[in-house]
Structure formats: C-alpha cells, structure tokens
Amino acid sequence: MKKLLITGASGYLGWHCSQQLPHGWQGIGTFHKHKTGIHASTAAYQVDLTDKDAVWKMMKEIKPAAVFHLAAVSGTGQCEKAPEETYPINVEAPTHLAEMAADLKAKFLFTSSEQVFDGEKGDYAETDQPNPKNKYGEQKLEAEQNIQKIYPEAVIVRIAVLFGQATPVAQSFLNQWIDTWKKMLTVTAFYDEIRPFMSGTSCASALFHLVQQGAEGLFHLGGSTAYSRYDFAQLSKEVLALPFGKIASKSQQDVEMPAFRPANLSLVCGKIEGTGFTLSNAIDELKKIRPFLQTQPSVSLN
C-alpha cells in the first residue's frame, strides 16, 4: 500500500483529502495542535513543520510515495501583521519538504493561492505574471519559486476559495454565513470581490486526480464559474433554501482591512481540464451539501 503524507491534515482541505483517500493509499496526516481534526481514515503524526530536523526524521520514518503539503497560515490579515511569524510555515517549510521529497523521490504537491495575482484583470492563466499585493501572496509566490527550482517535477496548484462541509476543527466562510443567518442576522458580502469558489470535496478530488495522472508543473484550480461574494451569498441562500437572515452588499473600499484584498481573482483552468478533470459547478455543489449544511452545528475555531 502506498503512503500519502498530508501536512495540515486537521485543516479544512486536509480533512477533505483524508476523507477521499483512493483505494491502495494509506494516509498519514501531520498536525501541530488539532489531532482531533484528523479524519478517522488517516493516521496522525505530530510534528512542528518549522523544525527541519524533526521533519526530516518524519520523512525518513514514513518514506511516503507522495506528499500533499497543505499546511499554511492562510489568514491574510495575520500574514500582513506578523510576516516574520508566518514566513517559516508558509515559505521555509514547503521549501524544506520539497528538498526532502526530491531526495526520497516522492511525488510532491503544494497548494498555493490565487492571491499571487493583483486582481486587476481577472481570468488569470498559469502563464500570467504574478504580482502579489499582500504578504500572504508574496509568501506563497516565494514558496512556489523555491519549489520549482528545487523539484521541477513537483505539482503546484493555485486553489480558489473553498466552501462545503465543516470539519471537526475548521469551517469555510459559507458555514460562518449559515451560522449568521440562523441567528437572523445579516451577512455582509462584497460586490466587488470576485472568486471562482469551489467545494473542498472537489478540490481534494482534483489533487488526487493530478497525482494519479502523473502530472507535473503549475495548475490553476477553481469552480467553473466565478462569482462576486455578494452574488455567491445570494446563490447560496437560494439553492440552500434559507429563508432567514439577510445579505448586505458592500464595497471592499468601504471596509478597513489589515491586508489588501484583490478585486478579481477569477482563474482560467483549461490546463487541469486538459488532464481530464471536470470543474465543479457551484449550484450542483451547493445542492449536494444542502442536507448537511442546513442542519450542521456551529464549529469552534479555537
């Protein structure tokens, strides 16, 4: 049985990947604090990913056939306020792991972000020049560049904003919206922030697809249609049949935020479609998760 090492397995995407382990794969998930967030299908391995010696010890013990490096500090505000604290996990850790995976001849997949772009034009393809406008985007881009130099055969996937089923320790923005609506409160959503939203389930499926296809290089991954946050909120209420709560439309310019938020980060995903992967449709995805989302409890993020 082949071993798949998933860093950040207790995180949102890590949990969804563990939930969908293909036949013939054994999952080993790293965690730093939230062991309870790791899916039951995956063995847990506690490690500090910023400790290079500890990570190398882990890699030699496990000898994975493939590594999904998903762990990151993804809060743009946190990265902006404390870049020196987030740099080790967002840049140094993926760089060291790529080196180790190359030495062990393990397939290496790194999830990056559409935040490497400035959001001025939208419809970004892999050939477009990155121009990050916040620290998180800068850190992701630096990690990408390091990995490409160290391990050209690695897979780098720039993923869109995810939504879907909440995990034991993590939830998406949609879960937070639903909690707000259930309290009969108003969700504020930007009409000038455009994203190609996709579900965590579809994202995990795409990552496994790329590894099983023997893919290499850079890929963009998002939903088949891009929406503004406001339009996606309206769509979610309609498809999920949520009669309670309201939506307030607002511009990003009206809200003071610690980090720059690009306006239009829609992605061109023709390259991954060319490998045989079908992009998810937001309406169909919402219908699939509707029974769970309408009844799910609130999730603690502490």
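Q: What caps the N-terminal end of α2?
A: In this predicted model, the cap at the N-terminal end of α2 is D51, which places a side-chain oxygen 3.2 Å from the backbone nitrogen of D53.

Q: And which residues of that helix are buried?
A: Within α2, which spans residues 52-62, the buried residues include V55, M58, M59 and I62. These four lie on the same side of α2, because they cover an arc of only 100 degrees around the helix axis.

Q: What covers them?
A: The cover over the buried residues of α2 includes the strands β1 (2-7), β2 (25-31), β3 (42-46) and β4 (66-69), and also the helix α4 (83-104).

Q: What follows α2, and what is its phi like?
A: The residue that follows α2 is K63, and its phi is positive, near 50 degrees.

Q: Still on α2, which residue does K52 form a salt bridge with?
A: K52 pairs with E99 in a salt bridge whose closest N and O atoms are 3.7 Å apart. This pair links distant parts of the chain, since K52 belongs to helix α2 and E99 to helix α4, with their positions 47 residues apart in the numbering. K52 is partly exposed at a relative accessible area of 39%, and E99 is likewise partly exposed, at 28%.

Q: How many salt bridges does the count come to?
A: The count comes to ten salt bridges. Among them is the one between E138 and K135, at 3.6 Å from N to O; both residues lie in helix α5, three residues apart, which is about one turn of the helix. E138 is partly exposed with a relative accessible area of 36%, and K135 also counts as partly exposed, at 30%.

Q: What about R158 and E144, are they buried or exposed?
A: R158 counts as buried at 2% relative accessibility, and E144 counts as buried at 1%. They form a salt bridge with each other, the closest N and O atoms being 2.7 Å apart. That pair links distant parts of the chain, with R158 in strand β6 (residues 155-159) and E144 in helix α5, 14 residues apart.

Q: Which residues do shared salt-bridge partners join into one network?
A: The network consists of E114, E193, R195, R229 and R261, joined by salt bridges that share partners.

Q: Changing topic, where is D118?
A: D118 sits in the loop between β5 (107-113) and α5 (135-150).

Q: What is the nearest side chain of opposite charge to it?
A: For D118 that side chain is K133, which is 5.5 Å away, and D118 has no salt bridge although it is buried.

Q: So which polar partners does D118 have?
A: The side chain of D118 makes a polar contact of 2.9 Å with the side chain of N131, and one of its polar atoms lies 3.0 Å from the backbone nitrogen of E120. Once neighbours within four places in sequence are left aside, the residues in contact with D118 are Y124, N131, K133, F260, P262 and A263.

Q: Last one, how many residues of α6 are buried?
A: Seven of the ten residues in α6 (residues 173-182) are buried, so the helix is mostly covered. The buried residues are F173, L174, N175, W177, I178, D179 and W181. Just after α6 comes M184, which takes a positive phi of about 65 degrees.

Technical notes
Residues are numbered from 1 along each chain as its sequence is written. This is a predicted model: local features need pLDDT of at least 70, side-chain atom pairs count only at pLDDT 80 or more; totals for chains, interfaces and linings use all residues. Side-chain values use heavy atoms; hydrogens and water are left out. Buried means under 20% relative accessible area, exposed over 50%, partly exposed in between (1.4 Å probe, protein chains only). Helices (H or I, at least four residues) and strands (E, at least two) are DSSP runs, numbered from the N terminus. The arc is that of the directions from the helix axis to the C-beta atoms. Contact means heavy atoms within 4.5 Å. A polar contact is a pair of N or O atoms within 3.5 Å; within protein, one must be able to donate a hydrogen and the other to accept it, and residues adjacent in sequence count only if both atoms are side-chain atoms. Lys and Arg count as positive and Asp and Glu as negative; His and the chain ends are not counted. A salt bridge is a side-chain nitrogen of Lys or Arg within 4 Å of a carboxyl oxygen of Asp or Glu.
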